[in-house]
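Trainee: Hi, have you got a few minutes to go through a model with me? I'd like to start with contacts and then move on to the sheet.

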Amino acid sequence: MNLVITMSRRFGTGASMIAEELSRKLDIPVYDKAYIEHELEGDSYAGEVEVIRELASRSCIILGRCASEILKDQANVFNIYVCADKEDRIRRVMQKKEMSYEDAKATLEQNDKERSEYYYQNTGKVWGDVNNYHMILDTSQLGIENCANILMKYFERVEII
């Protein structure tokens, strides 16, 4: 089956690690902001929509870029939202980017603000609204390392894979 997974996430949740693990397990590529922007002729949202729709013509994982909304009418799309406690996210950012607590917190808050504004500007919807996703994963509660396995078990159970 052509499975397209969209993964929206708060900054510092470890979602990219979950996506990479799923990519290995399912043998499908992961596309993120950098890849999508690289594929664009210009920097318009309309251009991103075209790139995302083209990527979704085959199995893949798409991180962010409003992909859950862009692909909402496709039956083969599974939308995931990854969240975590703010303190856990700050600690992850501190460790990954070697930042002080205050710098990591400011970076996290700025990133979340930008993502929220981008999502609303391009979809008219609230970023992180549970009604926009099939599954919410809280890495503070579940652990980053468990999330890909949870998804794999679910996909097997409902015979998606």
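Mentor: Happy to. One term before we begin: contact means heavy atoms within 4.5 Å. Keep in mind too that this is a predicted model.

Trainee: Good. With that in hand, what does Asp138 touch, not counting residues up to four places away in sequence?

Mentor: Asp138 touches Cys83, Ala84, Asp85 and Gly143.

Trainee: And where does Asp138 lie?

Mentor: In strand β5. Cys83, one of those contacts, also stands opposite Asp138 in the pairing with β5.

Trainee: How far is Asp138 from Val82, C-alpha to C-alpha?

Mentor: They are 5.9 Å apart in space, although 56 residues separate them in sequence.

Trainee: Let's do the sheet, then. What is the strand order?

Mentor: The order is β2-β3-β1-β4-β5, an open sheet of five strands with parallel pairing. β2 and β5 are the edge strands, each pairing on one side only.

Trainee: Does anything pack on it? I mean, which strands does helix α8 touch?

Mentor: Helix α8, residues 144–157, packs on the sheet and touches β1, β4 and β5. The direction of α8 makes about 155° with that of β5.

Trainee: Can you walk me across the sheet? How many bridges join β2 and β3?

Mentor: Two bridges, in the parallel sense, with Val30 opposite Ile61 in β3. Next, β1 and β3 run parallel and are joined by four bridges; there Val4 stands opposite Cys60.

Trainee: And on the other side of β1, how many bridges go to β4?

Mentor: Six, again parallel. Met7 is the residue opposite Ile80 in β4. Ile80 also has a bridge partner in β5, namely Met135, and β4 and β5 run parallel with four bridges between them.

Trainee: So Ile80 gets a partner in each neighbour. How many residues of β4 are buried?

Mentor: Seven of its seven residues. Val77, Asn79, Tyr81 and Cys83 point one way, while Phe78, Ile80 and Val82 point the other way.

Trainee: Why would they split like that? What do side chains do in a regular strand?

Mentor: They alternate between the two faces of the sheet.

Trainee: Which residues of β3 sit on its two sides?

Mentor: Cys60 and Ile62 are on one side, Ile61 and Leu63 on the other, and all of these are buried.

Trainee: Switching to helices. Which residues of α3 are buried?

Mentor: Gly47, Glu48, Val49, Val51, Ile52 and Leu55, in a helix that spans residues 45–55. The cover over the buried residues of α3 includes β2, α2, β3, α4 and α6.

Trainee: And Ala15, is that buried or exposed?

Mentor: Ala15 is in helix α1, and it counts as buried because its relative accessible area is 2%, against a cut-off of under 20%.

Trainee: What does Ala15 touch, leaving out residues up to four places away in sequence?

Mentor: Met7, Arg9, Leu63 and Val82.

Trainee: How far is Ala15 from Glu48 in space?

Mentor: 21 Å, C-alpha to C-alpha, with their positions 33 residues apart in sequence.

Trainee: One more residue. Where is Asn132, and is it buried or exposed?

Mentor: Asn132 is in the loop between α6 and β5. With a relative accessible area of 15%, Asn132 is buried. Leaving aside neighbours within four places in sequence, Asn132 is in contact with Ser68, Asn79, Tyr119, Lys125 and Val126. Asn79, you'll remember, is one of the buried residues of β4.

Trainee: Nice link. Last topic: how much space lies in the largest pocket?

Mentor: About 800 Å³. The lining has 28 residues, and Arg9, Arg10, Phe11, Asn111 and Arg115 lie nearest the centre of the pocket.

Trainee: Which elements supply at least two residues of that lining?

Mentor: β1, α1, α5 and α6 each do. Arg9, which lies among the residues nearest the centre, is also one of the contacts of Ala15.

Trainee: And how do the lining residues divide by type?

Mentor: Ten are nonpolar, eight polar and ten charged.

Trainee: Great, thanks for the tour!

Terms used:
Residues are numbered from 1 along each chain as its sequence is written. This is a predicted model: local features need pLDDT of at least 70, side-chain atom pairs count only at pLDDT 80 or more; totals for chains, interfaces and linings use all residues. Side-chain values use heavy atoms; hydrogens and water are left out. On a 1 Å grid over the protein atoms alone, a cavity is a set of points where a 1.4 Å probe fits but cannot get out, and a pocket is an open set with protein on both sides within 12 Å along at least five of seven lines; lining residues have an atom within 4 Å of a point. Grid points are joined across faces, edges and corners, and a volume is the space filled by probe spheres set on the points. Ala, Val, Leu, Ile, Met, Phe, Trp, Tyr, Cys and Pro count as nonpolar, Asp, Glu, Lys and Arg as charged, and the others, Gly among them, as polar. Buried means under 20% relative accessible area, exposed over 50%, partly exposed in between (1.4 Å probe, protein chains only). Two strands pair if DSSP finds at least two bridges between them. Axes are lines fitted to C-alpha atoms, for helices over the stretch in contact, and angles run from 0 to 180 degrees between N-to-C directions.
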